[in-house]
Amino acid sequence: KHKVIIDTDPGIDDTMAIFFAFLHPQIDVIGLTSVFGNVEVEKTARNALVLAEMANQNIPVCKGAAGPFLHPKPGYAKFVHGEEGFGTVAAMEPKGQLDPRHSAQFIVDMANQYPGELVIAAIGPLTNLAIALQLDPSIVDKVKQVVIMGGAATVPGNITPVAEANIWNDAHAAKMVFEASWDTVMFGLDITNNLRFNQAFLDKLTDGNAKLGKFIDETSQFYMDFYSQDTEDRACCFHDATPLAYLVAPELFDIKLGKMVVSTDELTRGQTAFCHKDKGFRPPWDSGPYSKVALGVDKAALTQLYIDTFAG
Ligand code: BDR
Ligand code: CA
């Protein structure tokens, strides 16, 4: 079983990712660490705890960074995820309490408790991971893998013409995470933007798991409206579930190794420029640390994996 911390800003596609991970028999979610992003961190922390309780998961849920490392302010995505982070579904109050630790401290603690085993699935801005690296640089050698939803290596961005929202929200943190010498795998808009899911898919999730599927269906309606503005078919992208699916079905993905350079310049902030290893370019493109990036996926098999996992 993969021991996984999900670092998250729920968030509608975060909800899909978290429930998928809870339901998959090969994934052991040992904690949720929240970060600002789609909405304020007070709300993402609350929502993360609500999701854990909804799925009867008695695990630590932490509150983390309220804003980026160096950028002046967070850029929320309430026009995509709603005021409270769950579309038009009203805010819910959790029954239990948050873990008292900062998300970054929890990541450090778990990396030290499970050396060589811990996987971090980062599906929000990368601020908590960057803080964790500063708190304890030794975690780069202890964390088994960091799977990231973020970036756009070969396609345009979604929050600016060149940047994807998670990376744009804290480009300095992202740069630190990609430049650290741990095993990073990026799942960006290159693949996630083409993975569109419609109402028939949501109905199948609910057929499989009435409670959790229904919650995804309800929260996703507002999200689908946003994603359907420029398309004929009403559908949406569950970006964040992709790296979790990779953990249990890596064979569905086409993964390339190379150098990821994150721009912290104001105009191109958050751009993730990727250069395949051995391309023969000059510095800084010709040396590691290298990252992996997903550039292809078997959509039909991935869709079936989601449906089967909800069906249990
Ligand atoms: C990413 O940004 C957030 O709005 C989503 O939850 C996802 O993590 C997509 O760009
Ligand atoms: Ca997210």
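In this predicted model, D13, M16, A17, F20 and A21 of helix α1 meet A241, L244 and A245 of helix α11. The axes of α1 and α11 (residues 241–248) sit 8 Å apart and cross at an angle of about 20°. Angles under 35 degrees count as roughly parallel, so that's what α1 and α11 are to each other.

A21 is a handy residue to follow from here. Setting aside neighbours within four places in sequence, its contacts are V4, I6, I27, V29 and L244. A21 also turns up, along with I6, F20, I107, I120 and L129, among the residues with the most contacts inside the largest nonpolar core, a set of 97 residues. Helix α1 (residues 12–23) is the top contributor to this core, putting in nine residues. As a general matter, nonpolar side chains in soluble globular proteins tend to be buried together.

Another piece of the picture is helix α4, which spans residues 103–113. Its buried residues are S103, A104, F106, I107, V108, M110 and A111. I107, then, is one of the buried residues of α4 and also one of the best-connected members of the big core. What lies over the buried residues of α4? The cover includes strands β1 (2–8), β2 (27–34), β3 (61–62) and β4, plus helix α5 (127–135).

Zooming out, the protein chain is built from twelve helices and eleven strands. Its radius of gyration comes out at 18 Å, close to the 20 Å that the globule rule gives for 312 residues, so the chain is as compact as a globular protein of that length. Along the principal axes, the C-alpha trace spans about 55 × 45 × 40 Å. Of the 312 residues, 51% are buried. Contacts across the sequence matter for the tally too: taking contacts with a separation of 6 or more, 80% come from residues 24 or more positions apart.

As for how confident the predictor is, the chain has a mean pLDDT of 96, with 100% of its residues at 70 or more. Confidence bottoms out in helix α3 (residues 78–81), where the mean is 93, and peaks at 99 in strand β4 (residues 118–122). Strand β4 is also part of the cover over the buried residues of α4. For the model, the scores are ipTM 0.98 and pTM 0.97.

How values were computed. Residues are numbered from 1 along each chain as its sequence is written. Chains are lettered from A and ligands numbered from 1 in the order in which they are written. Helices (H or I, at least four residues) and strands (E, at least two) are DSSP runs, numbered from the N terminus. The radius of gyration is taken over C-alpha atoms; the globule rule is 2.2 Å times the number of residues to the power 0.38. A residue is buried if 20 or more other C-beta atoms lie within 10 Å of its own, exposed if 12 or fewer, and partly exposed in between; C-beta atoms are placed from the backbone. Two residues are in contact if their C-beta atoms, placed from the backbone, lie within 7 Å. A nonpolar core is a set of buried Ala, Val, Leu, Ile, Met, Phe, Trp, Tyr and Cys residues joined through C-beta atoms within 7 Å. pLDDT is the predictor's confidence in each residue, from 0 to 100. Axes are lines fitted to C-alpha atoms, for helices over the stretch in contact, and angles run from 0 to 180 degrees between N-to-C directions. Angles under 35 degrees count as roughly parallel, over 145 as roughly antiparallel, 65 to 115 as roughly perpendicular and the rest as oblique.
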